[in-house]
Amino acid sequence: RGHIESHSSGDTTISIDSHSINLSEVGLLVYRRPLDVTSAMLEKEIEPWIRSFINSEWGFFERALPDLIECKTINHPSANLRAQNKVAQQALAKSCGLSTPRTIVSNQGRALKDFATDHACVTKAIGNGSHLYASEIRSGYTQNATAETFPADLNPFTISLAQEAIKPAAM
C-alpha cells in the first residue's frame, strides 16, 4: 500500500512500503493509465456510486500531477485522455490529410439504422471502451453492426458511434 500527501505549498510526497520520494525531486514523469479502484483493493464492498466517485477523484489528482511537479511528462494525462477519444482521433487524422472511414455519431436510432443499411459498418465506444462494473470489466469493443444493432427507439441520452468497416490489408 502506498500513501500520497500533497500540500498547497507544493510539497508532495509519495510513499510505498519503506520508500518515500518528494515529487520536487522528480525530473521526468511517465504517465501510465491507472487501474480503477476496486472493492477487492479496498478489501470491502462499497456502493458503485462511491467507487465511481473515488475513481473520479483519483483521476483528477493524477491528471494534475504534471502541473504539480512541473517536470517533463511522457504521455501527459490530458493529451492521453484526448487521444482516447475516437471523434478527436478522426478529426486529427482528417486535419493531417489522412483518409478516414465514413462515421456517424448520433443519439437517433433512425439515423444509425440508415447508416448501417447503407454501409457495412462497425460500432465502437467513443472513448476508452472499458469500465469496471460489479467487479467485472465491461468493454465497448469494436464489433460488426447492422441496422438491427441500433434500436429505432434509442434512448435520447444514449449516444453511439457507427463507422464504415475497413477491410484490413493484413492481420
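These notebook entries record what I looked up in the structure, which is a predicted model.

**Entry 1. The N-terminal sheet**

I began with the sheet built from strands E1, E2 and E3. The three strands lie in that order in an open sheet, and their pairing is antiparallel. I noted strand E1 (2–6) and strand E3 (19–22) as the edge strands, each paired on one side only. On average, neighbouring strands are turned by 10 degrees against each other, with direction ignored.

I then went through the pairs. Five bridges join E1 to strand E2 (residues 12–16) in the antiparallel sense. Glycine 2 has isoleucine 16, in E2, as its bridge partner. Between E2 and E3 I found four bridges, again antiparallel. Isoleucine 16 appears here too, with histidine 19 of E3 as its bridge partner.

The connection between E2 and E3 is a hairpin with two residues between the strands. I recorded a positive phi of about 55 degrees for aspartate 17 in the turn.

**Entry 2. Isoleucine 74 and its surroundings**

Next I looked up isoleucine 74, which is found in strand E5 (residues 72–74). Is this residue buried or exposed? Its relative accessibility is 41%, so isoleucine 74 counts as partly exposed.

Setting aside neighbours within four places in sequence, I found isoleucine 74 in contact with Leu28, Leu29, Val30 and Tyr31. For leucine 29 I noted a separation of 45 residues in sequence and a C-alpha to C-alpha distance of 6.3 Å. Together, Leu28, Val30 and Ile74 make a nonpolar surface patch of about 250 Å².

**Entry 3. Salt bridges**

How many salt bridges does the whole structure hold? My search of the whole structure gave two.

One joins the side chains of glutamate 164 and arginine 102, at 3.5 Å from N to O. This pair links distant parts of the chain, 62 residues apart. Glutamate 164 sits in strand E11 (residues 160–164), and arginine 102 in the loop between helix H4 (86–95) and strand E6 (103–106). Both partners are partly exposed: glutamate 164 has 23% relative accessibility, and arginine 102 has 48%.

In the other, the side chains of aspartate 114 and arginine 110 meet at 3.3 Å, N to O. I placed both residues in helix H5 (residues 109–118); because they are four residues apart there, about one helical turn separates them. Aspartate 114 is partly exposed, at a relative accessible area of 35%. Arginine 110 also counts as partly exposed, at 48% relative accessibility.

Conventions. Residues are numbered from 1 along each chain as its sequence is written. This is a predicted model: local features need pLDDT of at least 70, side-chain atom pairs count only at pLDDT 80 or more; totals for chains, interfaces and linings use all residues. Side-chain values use heavy atoms; hydrogens and water are left out. Two strands pair if DSSP finds at least two bridges between them. Axes are lines fitted to C-alpha atoms, for helices over the stretch in contact, and angles run from 0 to 180 degrees between N-to-C directions. Patches are made of residues with over 30% relative accessible area and no salt bridge: like charges are joined within 9 Å, nonpolar side chains (Val, Leu, Ile, Met, Phe, Trp, Tyr) within 5 Å. Accessible areas come from the Shrake-Rupley method with a 1.4 Å probe; for residues, only the protein chains shown count as cover. A salt bridge is a side-chain nitrogen of Lys or Arg within 4 Å of a carboxyl oxygen of Asp or Glu. Buried means under 20% relative accessible area, exposed over 50%, partly exposed in between (1.4 Å probe, protein chains only). Contact means heavy atoms within 4.5 Å.
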